[in-house]
Amino acid sequence: MSTSARPSVAAPTSTPTRAPVGGPPLRRDPNDVRPHGARWWREIGWRHVVGVVAIVYALVPVLYVLSASFNPIGSVSSTSLIPTDFSFTHYESLFTNPNRPYARWYLNTILVAAVVVTAQVFFSAMAAYAFSRFRFRGRRGGLLTLLLIQMFPQFLAVVALFQLFSEVGKVVPALGLDTLLGYIVLLMGGSLGQVWLIKGFFDSVPKELDEAAKIDGAGHAQVYFQIILPLVRPILAVTGLLAFVSVIGEFLLASIFLRQTAVKTLAVGMYTVLDGDRSNNLGWFAAAAVLASIPVVALFQYLQKYIVGGITAGAVKG
Amino acid sequence: MRRIPRGMAVAVGAGLLLAACSSGTTDTTTGGATSPATETATESATPSESATDAAPVRGNEDLVIWTDDTHLAAMQAVADTYAAANGITVGVQAVTDTRAAFITANQAGNGPDVLVGAHDWIGQLVQNGAIDPLQLPADQVAKYSPTAIKAVTYDSQLYGLPYGVESLALFCNKSVVGDTTFATLDDAIAAGQKAVDAGTVESALNLPVGENGDAYHMEPLFTSAGGYLFGKDADGNYNPNDLGLDSPGGLAAAKKIGELGEKGQNVLRTSISSDNNISLFADGKAACMISGPWALNDVRKGLGNDGYTLQPIPGFKGMNPAQPFMGAQAFYVASKGKNKSFAQDFIINGVNNVDAMTTLYEKANLPPAMTAVRDSIQQDNPDFAVIAQAAEKADPMPAIPAMAEVWQPLGVAYADIVAGKDPEQSMKDAATAIRTAIAGS
Amino acid sequence: MSHTTQTHPPARTARPARGGGTTRPLPLLVKVLGLGIVAALAVLVTPPLIAQQRWGFLGVFWGVVALLAAVYATKRAVPAKYLVPGVLFLSLLVVYPILMTFQLSTTNYGDGTRTPKEVTISRIIASAAFQGDNARRFTLEVGTTGTVDTGPYTFFLVDQASGDAYAGTEDGLEPLPTDATVTDGRVTDVPGYTMLTKQQINRLSQSGGPLAGFTVPTGESSVITAQGFQAVELTSPLVYDQATDSFTDTRTGDVYTPQRVGDRSYFTDANGARLSSQSWGESIGLDNYKRIFTDATISKNFLGIFAWTVLFAVASVGLSFLLGLVLAVTLNDARMRGQKLYRSILLLPYAIPGFISLMVWSSFYNTDFGLFNELLGTHVNWLGSTALARIAVILTNLWMGFPYMFLVCTGALQAVPSELKEAASIDGASGFTQFRKVTFPLVLVAVAPLLVASFAFNFNNFNAIQLLTEGGPFSASDPTAGGTDILISFTYRLAFGTSAQQIGFASAISVILFILTGVLAAIQFRGTRVLEDVN
């Protein structure tokens, strides 16, 4: 819905603001003038130093996983940061064992993640809009309740959820245990998971914008879909990514809901293997984990331009 | 069962609570109001039975079997054979945290018809009324290893049909200590220590301890040095009130373990755990290792089919024989399965024969529990013969609920002793903690 | 930074009619379709729900329809239009389970108490039935003179030892009708009877089915019952007497009556021997809560573990926020080459499923074979002492958590208008002052609620502890409380780590932890003044 509305809006929004009219005199176009020498170090260079250090910290365990995925022996003790031996055995085994249909799990995961993330961002953004723009009774209480409810450790409620869905499944089999649809609905419980983050962003969008639009006769829905949503793309992208990661990594609920091999997601499929035998499968896991991380990285690549480029081109600049 | 400490951890991590899931309310509804629904659902499913294999929707199969990932292929094989012979559909599922998930799902009425798992689950399964006793005639029971039958018998009832047995054994790396059968554990340790001193390997004898200990793998050492866990009553059943940890024998055994620990000979170490025990040995970094049949694949891959020796664990010099725990893998009939008739028939007729048991042995990579199959593989698979022989002499791992109170405190005590704390005190502390826990349950 | 220049909203493709967008065709269509689909679904599930007498479900379904119609078909309650979908999901899938958890916490539900008493009694009787010394085994066929689904049914039995054939009903055994055909030890045809197939027998034997519990009595306490597609003669030694609520073992004469132990009862004889390890479910009021506050193990360790839990949560959130923020700010300079690459790589820890990361990290800390000692050239038992293990846990959790903070901060930084920063620069503020006075407060406002939520998450971050240290190191003198145990891992081991899983008790713990977390979060809200901000 929001996507269809965007093109018609984005163009007029960005044109007037993007033109560098009357900027302050000191302002430079960053692409033109790059500092050099000592000044480069002071302004840019140190950033690389910090970046590289951070990357080492972030990467060491990742490299270890990568190395294990290529090491044909694939055990904890034989793996080092730099692979000593190289083979694609583990990657091949991901796709050749019919008892562990990795490709199927992969597709299931993408399907679940796509639906749940879209819904979560959509519903969260709607609720955030209400909390940010309307004044109604119970608003403050509602916001705080929301935060409080989300503090309930998720896996504690599993008892009740299992019961609920096993009953639902008796009435509507398509929504029961061992169905992807049921699992998707289950994860919809987190529909409002991102409200606070998005609301914070909404609050930073000046109210004058929607007020002006309303004076011009736009309804609340129009203001929301055509004015606000395009402006908050960065946070939608961020929350989308956060939701995506949490859906992909979810295995607690999945491990009791999805028990049939064919409907498992990556996380629960991998966890089942881990649960079956911990010491013998490191290489398999590593390869599985490496491939599983690709969608997250790819999505981030795609969303980066929204995350970073979004609001500076928007109207907040005034 | 070999992964008790970790297994418990993972259980806590994932399944646990999940084992909860159906309170009295569910029961009343399933008893009364739901039955028409189940009826109609099945009726509409019955005519199209042959067509159902296209799209597996949970519960539509005529027989649903739950197992864990490692045994999936074996179960699939025997289930397929049974399905073909009877013209029905089967579904075999690898379920995370199988035991807890089973108890939960069975209670809620959407569990499997047949469960496959270790014999020491039986206590908890029976406590929850989750499995039915099996009524097999005596002549058929006699076809299985008596120890395996003892393992799956609980409260004088046969609850499972065993297909595989497990027991710990001693693996040694041929290229490090030579092609020797060690008469005592001290000999094996000495040979390994020589290799450590020479810098060939990093560990003389791998035995998983970890930070939190591993009472399962320590049991053969503990028993050889004079300790015992539970005494037995006149009928040969374990007596939870006779805890032997702080008996004179138990304390002596603790001391012996301390001597092998980090402050002593540094053979036993907390840095070796179930996570790296097998892989270190398979990589050639340990001279010997105590592990079970589940390690064979990795060991063969790492050291070659002829690169290792395997023998029952010998005792310490001049002490008792080492008594590891014996474990059996078995089939159980779920008490609330939808297809009980097929479940019972599958176990009584489908797998209770030489052909199926041979298939299971081949695919599950476990020494068989059926004596005829065990005898037939004596020549082809001497490794399994060794383990089966060790299992036959071992005591089944206690399935009594009190045993669950033992693992954690005893494991911690072992880890402390190995790390160099006072053996007697650690063992007494553990005994006190375990007695308190047993009294409270 | 004034908005006065922006007099017109930027987005205005067509001038809409006054009174809101709801009268335009597209939104109207969406609404009608949406409501229509929901109503159609509700109509679809109604007949089966009525047939199964599931009034609760029915009420919920139609309640939802009515709510949606009330909200979307009218023009009132505009905020509700934005809140209802999310709130519905939240109430059904989060709030309801929380209430259920509370309900569960007032029961003794758990191992051995999953079944109601009458079910337990029948299970005890069933599992005590045994094959006597001369027990007969039969091949089994089932026939009926009526319809397949309603019966009446007859067991056609052939004794496997003697070859004698019988017809068995619930009245007892009779000789097989003489005109019946017996082939290969099985009764294959009986005139006047329809013989059932295996599938039919299986289906009718399902719980609640007409063949479930079908037995052929053969003596005072023995019956013939089906075992798969065979039948076996079983003797039941136990007799339950409802009046005295007791079991009698007919072999020994022992009498078992319910004796209470803790939160449950077992059938126990005069010597204290239990008939069975099965007990039954009961409501026990607030006993589970009482136990939390009176259990010596808990009270002895509570303060120390509570302090560490808070420290763990604060350190995890604080450090990962700090690192995430520093990195976000550092990399938030468009002039930097490779900016995108840096950001992508820093995200990687987040992209790998958590339980795998934890498994890998736990191997890093190994004394003899771990990466840390290898890199540092040390021989430290990282997870062997409480202090080091705590550092290890925090270091790992920092690694797991900082990409999240990095992402959130990067997002939030985009909301800080660059003019503000530039203005500060012009005023001569140094980079750090500018950050401290301008950027940081703005970012903090945006992420403060997330920090609180993140604190709550880590306060109960069961997996981080369980998969890394399992709560250890432990000492043999107190194997219940480990050095890195946080409240949730400690209490859950109490509830689950032993033979009997105590779900009711665990639920009570959940409720208490929930309240505790909420209170702590509220305190933090006051501290960060976010409460005021909500207005």
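Which residues of chain A does the UniProt annotation "transmembrane region" cover? According to that record, which is an unreviewed entry, the answer is residues 49-70, 105-131, 143-165, 180-198 and 282-303. Keep in mind as we go that this is a predicted model.

Okay, let's look at two of those stretches. Residues 105-131 of chain A are 100% helix and 0% strand, and the C-alpha atoms at the two ends sit 38 Å apart. Residues 282-303 of chain A also come out as 100% helix and 0% strand, with 32 Å between the end C-alpha atoms.

Now, the inside. The largest nonpolar core has 353 residues, and the ones with the most contacts inside it are Val65(A), Val114(B), Phe171(B) and Cys288(B). The element that gives the most to this core is helix H4 of chain A, residues 102-133, with 17 residues. Apart from that core there's another one, of 34 residues, and Val142(C), Tyr166(C), Ile201(C) and Phe267(C) are among them.

Let me stay with Val65(A) for a second. If you skip its neighbours within four places in sequence, Val65(A) is in contact with Ala286(A), Ala289(A) and Val290(A) in chain A, and with Ile352(C), Ile356(C) and Val360(C) in chain C.

One more residue in chain A: Arg259(A). Where does it lie? You'll find Arg259(A) in the loop between helix H12 (252-257) and helix H13 (266-276) of chain A. And is Arg259(A) buried or exposed? Arg259(A) counts as buried, because 28 other C-beta atoms lie within 10 Å and the cut-off for buried is 20 or more. Again setting aside neighbours within four places in sequence, Arg259(A) is in contact with Asp178(A), Gln93(B), Val95(B) and Ala101(B). Take that first partner: Arg259(A) and Asp178(A) are 81 residues apart in sequence, yet 6.0 Å apart in space, C-alpha to C-alpha.

Next slide, sheets. Quick reminder: strands of a sheet pair through backbone hydrogen bonds, either parallel or antiparallel.

In chain B, there's an open sheet of four strands, in the order E9-E12-E8-E13, and the pairing is mixed. Strand E9 (203-206) and strand E13 (308-311) of chain B are the edge strands, each pairing on one side only. On average, neighbouring strands here are turned by 15 degrees against each other, ignoring direction. E9(B) pairs with strand E12 of chain B, residues 286-291, in the parallel sense, over three bridges. If you want a spot to zoom in on, Asn206(B) has Met289(B) in E12(B) as its bridge partner. Then there's helix H10 of chain B, residues 185-197, which lies across strands E8 (169-173), E9 and E12 of that chain and runs at about 140 degrees to E9(B).

Chain C has an open sheet of four strands as well, ordered E11-E12-E13-E14, but here the pairing is antiparallel. Why is one side of strand E11 (238-241) and of strand E14 (264-268) of chain C left without a neighbour in the sheet? Because both stand at the edges, each with a single partner strand. The twist from one strand to the next averages 30 degrees. Inside that sheet, strands E12 (residues 246-249) and E13 (residues 255-261) of chain C pair over two bridges, and Phe247(C) stands opposite Tyr256(C) in E13(C).

Last bit, where chains B and C meet. Here 66 residues of chain B are in contact with 67 residues of chain C. On the chain B side, H15(B) brings the largest share, seven residues. By class, that side has 25 nonpolar, 27 polar and 14 charged residues.

Notes. Residues are numbered from 1 along each chain as its sequence is written. Chains are lettered from A and ligands numbered from 1 in the order in which they are written. This is a predicted model: local features need pLDDT of at least 70, side-chain atom pairs count only at pLDDT 80 or more; totals for chains, interfaces and linings use all residues. A nonpolar core is a set of buried Ala, Val, Leu, Ile, Met, Phe, Trp, Tyr and Cys residues joined through C-beta atoms within 7 Å. A residue is buried if 20 or more other C-beta atoms lie within 10 Å of its own, exposed if 12 or fewer, and partly exposed in between; C-beta atoms are placed from the backbone. Two residues are in contact if their C-beta atoms, placed from the backbone, lie within 7 Å. UniProt positions are given in the numbering used here, feature names are shortened, and annotations may be inferred rather than shown by experiment. Two strands pair if DSSP finds at least two bridges between them. Axes are lines fitted to C-alpha atoms, for helices over the stretch in contact, and angles run from 0 to 180 degrees between N-to-C directions. Ala, Val, Leu, Ile, Met, Phe, Trp, Tyr, Cys and Pro count as nonpolar, Asp, Glu, Lys and Arg as charged, and the others, Gly among them, as polar.
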